[in-house]
Amino acid sequence: MRRRQVLAAALSALASGCGYALQGRGVTTDPSAKRIGVPLFRDRSGKLGLDARVTQAVMEELLKRGRFTVVRDSTNVDAVVEGEIVAWNVLPVNFSTDSGQTHASRYAISLTASVVYRKIGQKEPLWSNDAFSHRDEYDMGDNAQSFFDREEQSIERLSAAFARSLVAAMLEAF
């Protein structure tokens, strides 16, 4: 009898699941939004070319969803994604010492943008965030001359990851 009670308790515990659940509030895309405009993000960061990279990454991520036609302007569209890059930071996060000199060996880069996703003709946005941000890190390696190459690679990764997170947040209400 005792063995059956233990078995029943174990099965009951397994059947209840782990308690993990996604906290999204469903899809926030209006089904009538078939054509989405993504004009060039404004850039207050001063990082040359960052606006074009982030805008392109957002457009590509929306296209991957397969439900929309995505264009680079805000005319003749059903909805628009407008963004402004408000911060771009590069900070050293790890240091090493060579020949008695200390230098940064790893950097963290972060991107913060104010983004509004709205249906044309509606006052209230479908989704907005004044400080949507994403972060990436990269190693310098042994050659300090490779700094700009590594930074460029990291900017590409950061732009793609930023866009992936942004589009998920906009469309899936996370």
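# A tour from Lys47 outward

Begin by selecting Lys47, which counts as buried because its relative accessibility is 19%; buried means under 20% relative accessible area, exposed over 50%, and partly exposed in between (1.4 Å probe, protein chains only). What you have open is a predicted model, in which local features need pLDDT of at least 70 and side-chain atom pairs count only at pLDDT 80 or more, while totals for chains, interfaces and linings use all residues. Residues are numbered from 1 along each chain as its sequence is written, and side-chain values use heavy atoms, with hydrogens and water left out.

Next, add Glu151 to the selection: its side chain meets that of Lys47 in a salt bridge, at 3.4 Å from N to O. The two partners come from distant parts of the chain, 104 residues apart, with Glu151 in helix 3 and Lys47 in the loop between strand 2 and helix 2. A salt bridge here is a side-chain nitrogen of Lys or Arg within 4 Å of a carboxyl oxygen of Asp or Glu, and helices (H or I, at least four residues) and strands (E, at least two) are DSSP runs numbered from the N terminus. Glu151 also counts as buried, because its relative accessibility is 5%. Leaving aside residues up to four places away in sequence, Glu151 touches Lys47, Trp88, Val90 and Tyr138, a contact being heavy atoms within 4.5 Å.

Now zoom out and colour by secondary structure. The chain has three helices and six strands, and from the N terminus on they follow the order α-β-β-α-β-β-β-β-α.

Select strand 4 (79-98). Strand 4 pairs with strand 5 in the antiparallel sense over 18 bridges, where pairing requires that DSSP find at least two bridges between two strands; in this pair, Ile85 has Ala113 of strand 5 as its bridge partner. Follow strand 4 into the hairpin that it forms with strand 5, where two residues lie between the strands and Ser99 in the turn has a positive phi of about 50°. Strand 1 (residues 35-37) is paired with strand 4 in the parallel sense over two bridges, and Ile36 is matched with Ala79 of strand 4. Strand 2 (residues 42-43) likewise runs parallel to strand 4, to which two bridges join it, with Arg42 set against Glu84.

For the interior, which residues have the most contacts inside the largest nonpolar core? They are Val38, Val58, Leu62, Leu166 and Met170, in a core of 36 residues. Helix 2 (50-64), strand 4, strand 5 (101-119), strand 6 (127-139) and helix 3 each supply at least two residues of this core, and helix 3 gives the most, with nine. Such a core is a set of buried Ala, Val, Leu, Ile, Met, Phe, Trp, Tyr and Cys residues joined through side-chain atoms within 4.5 Å.

Move on to Arg106 and Glu137, whose side chains meet in a salt bridge at 2.6 Å, N to O; this pair links strand 5, which holds Arg106, with strand 6, which holds Glu137, across 31 residues. Glu137 forms a salt bridge with Arg135 too, the closest N and O atoms being 2.8 Å apart, and a network of salt bridges links Arg106, Arg135, Glu137 and Asp139.

Finish at Asn76, in the loop between strand 3 (69-71) and strand 4, where phi is near 55°, a positive value in a residue other than glycine. Asn76 counts as exposed because its relative accessibility is 70%.
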